[in-house]
Amino acid sequence: MDKQNRIWMGAAAVLLVLVYIFPIWSINLKAPQYPEGIGLNIRVNTIEGKGPNDLQNINGLNHYIGMQVIAPDSIPELKIMPVLFGILIVSGLATAVWGNRKWILSWLVLLMRLAIVGLVDLYLWEYDYGHNLDPNAPIKVPGMSYQPPLLGTKQLLNMRTTSMPHLGFYVALISMGLGARAWWSESKADANASEESLNTAA
């Protein structure tokens, strides 16, 4: 692999370390009783309130409409994701040192699959969270579900809910872009080398 492509690949792997620092996804809620808004940050290993008491307040609100308590310690994905990103970082660095074009492609496929599976899993979690309601809840609205949007804004009773990617998600996209650049450049170099070899043979 070309030295410059090894640098791009190494940068792609190292950049993923920031996923452990910045939230990946963000959910914001606004209502008359919370004009400044409250919200949640979804990190690679936990879910936390944007403010000191936001998670507690959201769980309190959800209690009245029968939604489940958000308990980060009970969500298995938050234990698996740090390991998967660790594998991506290590394998990305190994690819930068010893790998070739096929290694880069395998790494990119793994990262893209993790992104897709993560989004699908978030949607399914939100679906269960908003539909699996306690029938004994103090407030019941027939036919009403409270699934937050995966992406965008949705009105849920008097609560305006917005769900958007956070910095960690964009870091992963940039990492994917750097890896893709290394793969494209390496593919181009391999194609040129093959063409030169054919010309020489001719």
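Here is a short chat about the two biggest pockets in this predicted model and a strand beside one of them.

User: Before we start, what kind of model is this, and what pLDDT do local features need?

Analyst: Residues are numbered from 1 along each chain as its sequence is written, and side-chain values use heavy atoms, with hydrogens and water left out. The model is predicted; side-chain atom pairs count only at pLDDT 80 or more, totals for chains, interfaces and linings use all residues, and local features need pLDDT of at least 70.

User: How much space lies in the largest pocket?

Analyst: On a 1 Å grid over the protein atoms alone, a pocket is an open set of points where a 1.4 Å probe fits, with protein on both sides within 12 Å along at least five of seven lines. Its volume is the space filled by probe spheres set on those points, which are joined across faces, edges and corners. For the largest pocket that comes to about 590 Å³.

User: Which helix gives the most to the lining of the largest pocket?

Analyst: There are 26 lining residues (an atom within 4 Å of a point), and Ile-24, Met-81, Gly-118, Leu-119 and Leu-122 are the closest to the centre. Helices here are DSSP runs of H or I with at least four residues, strands are E runs of at least two, and both are numbered from the N terminus. Two or more lining residues come from each of H3 (77–98), H4 (101–131) and H5 (167–201). The top contributor, with nine residues, is H4.

User: How many charged residues are in the lining of the largest pocket?

Analyst: Ala, Val, Leu, Ile, Met, Phe, Trp, Tyr, Cys and Pro count as nonpolar, Asp, Glu, Lys and Arg as charged, and the others, Gly among them, as polar. The lining splits into 21 nonpolar and two polar residues, and the charged ones number three.

User: Which element gives the most to the lining of the second largest pocket?

Analyst: This pocket has a volume of about 350 Å³. Of its 21 lining residues, Leu-29, Leu-61, Asn-62, Ile-65 and Met-159 are the closest to the centre. E1 (25–31), H2 (54–65), H4 and E5 (159–165) each give two or more. With five residues, the leader is H2.

User: In E5, which residue is the bridge partner of Lys-30?

Analyst: Strands pair if DSSP finds at least two bridges between them. E1 has six bridges to E2 (residues 34–42), running antiparallel, and six to E5, also antiparallel. On the E2 side, Asn-28 stands opposite Gly-39; in E5, the partner of Lys-30 is Arg-160.
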